Amino acid sequence: MTALTLLAYISAALLLQLAAGIGLAVWRRRRGGVGVAPPPPPPSVDLAWPGWREFRVVRREFEDPDHSQCSFYLEPLDGSPLPPFLPGQFLTFAVATEDGQGSPLVRCYSLSEPPNPKHYRITVKRALAPANRPELPAGKVSNHLHDLVQPGDVLQVKAPAGRFVLDPAPDAPVVLLAGGIGITPLLCMLRWCLAEQPGRSVHLYYGVRSAQERAFGELLAELARTHPTFHLHVVCSSPASDDRDCRHVGYIDVPLLRQTLPAGRHQFYVCGPTPMMESLVPALADWGVPIQDIHFEAFGPASIRLDDTEGTDDQAAANAHFEVAFRRSGRTLVWDGRDASLLDFAERHGIPVESGCRSGSCGSCETALIEGTVGYAHTPDHPIAAGHCLLCVGTPRSRLVLDA
Ligand code: FES
């Protein structure tokens, strides 16, 4: 074989390979394989701006007939687009007190609307002193926002955070269980689902005293009318005699869910006041709902232990008995594993401590740890300064001395 013939063979082989490659690519493209855009990835969020950012209130609007629940629309002062967030997350605010004395108070409020690059929306309930405990103070920050914050005012805001978020996997119907203002993160999840996963069933149980107390009444009724996959259950504990909007009388509980939910696996998301959380969350587990399908967030002190750490070193350590000394309060108490966190423990014993998110994200419960070791079931989102601990997600691993 001459060199010329060999060259001719090699060229022919290369041409054949090229033609075969083009043919294969065309065939794959036509059958929908390579070359077709892959399905969109699950929502991933580039959350952070570090620290505080200034936002202007551009609009405020009451969401209930009693004007006790007010939405605030917030645009960033720097005008740059807002990062997305996951449905269910919250914003952290530092609000200067009315008299300008002392440090600003830190509070967290759930985002009540799905992501929007121009503005965020939160909805805040005016927190009055409880009717049965009038001696307790009303909520300073919620009353400040309701009474004094108007369009044009500027607030200091931290980036969206929080782990109480909707699992976007579309294979299980969603059950949202809201008590009172616990509706806010669940409304965000609901609207995200209806927009992004219209084939997924969503059942919302909204517990209130009467229909008059409901927020977003018209919006929810309209969503239920226009989305066949959305099933709305307003559950009233003390309805007025002419309350037509209350579909059920009583409380959200397992018997009601058993009667009204179709059979099969569901993902449960629960947000509400302490008594509701402390009864409903364990009841779901007792009913047989797998722990990984129960997601919850309380907006007050609520000791809920749904550990899947049973029998592990972590649980054994959390259940051990340790002395905990609160140095500034001058109290030394014994941790016996009854509380879900040091924050719950301190509050149960009347030790004054700051808190916001109660989930390790905002940093407002960060406390100097003078002595001892604190453990965390999960690494908290908020970076903990050296020599400090986060009370809301921490439990003792030894005798502790805290600066509280
Ligand atoms: S209360 Fe937010 S980090 Fe503890």
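These are my notebook entries on a few strands and one helix of this predicted model.

**Entry 1, the open sheet.** I began by tracing the strand order. I found an open sheet of 6 strands, ordered β10-β9-β8-β7-β11-β12, and its pairing is parallel. Which strands sit at the edges? They are β10 (248-249) and β12 (294-298), each of which pairs on one side only.

**Entry 2, a pair inside that sheet.** Next I looked up β7 and β8. Strand β7 covers residues 174-179 and β8 covers residues 202-208; the two run parallel and are joined by 6 bridges. For a handy landmark on screen, I picked Gly179, whose bridge partner in β8 is Gly207.

**Entry 3, β3 and β4.** I then moved to an antiparallel pair: β3 (residues 90-95) is joined to β4 by 6 bridges. Here I noted Leu91, which has Tyr109 in β4 as its bridge partner. I also checked burial along β4 (residues 105-110): 5 of its 6 residues are buried, so the strand is largely enclosed by the rest of the structure.

**Entry 4, helix α3.** How far apart are the end C-alpha atoms of α3? I read 20 Å for this helix of 14 residues (183-196), which agrees with the 20 Å it should span at 1.5 Å a residue. On burial, I found α3 mostly covered, with 10 of its 14 residues buried. Among them are Ile183, Pro185, Met189, Trp192 and the two cysteines, Cys188 and Cys193.

**Entry 5, what α3 packs against.** Last, I listed the neighbours of those buried α3 residues: they pack against β4, β5 (120-125), β7, β8, β11 (267-272) and β12. So that list brings back β4, the largely enclosed strand from my third entry.

Methods: Residues are numbered from 1 along each chain as its sequence is written. This is a predicted model: local features need pLDDT of at least 70, side-chain atom pairs count only at pLDDT 80 or more; totals for chains, interfaces and linings use all residues. Two strands pair if DSSP finds at least two bridges between them. A residue is buried if 20 or more other C-beta atoms lie within 10 Å of its own, exposed if 12 or fewer, and partly exposed in between; C-beta atoms are placed from the backbone. The expected span of a helix is 1.5 Å times one less than its number of residues. Two residues are in contact if their C-beta atoms, placed from the backbone, lie within 7 Å.
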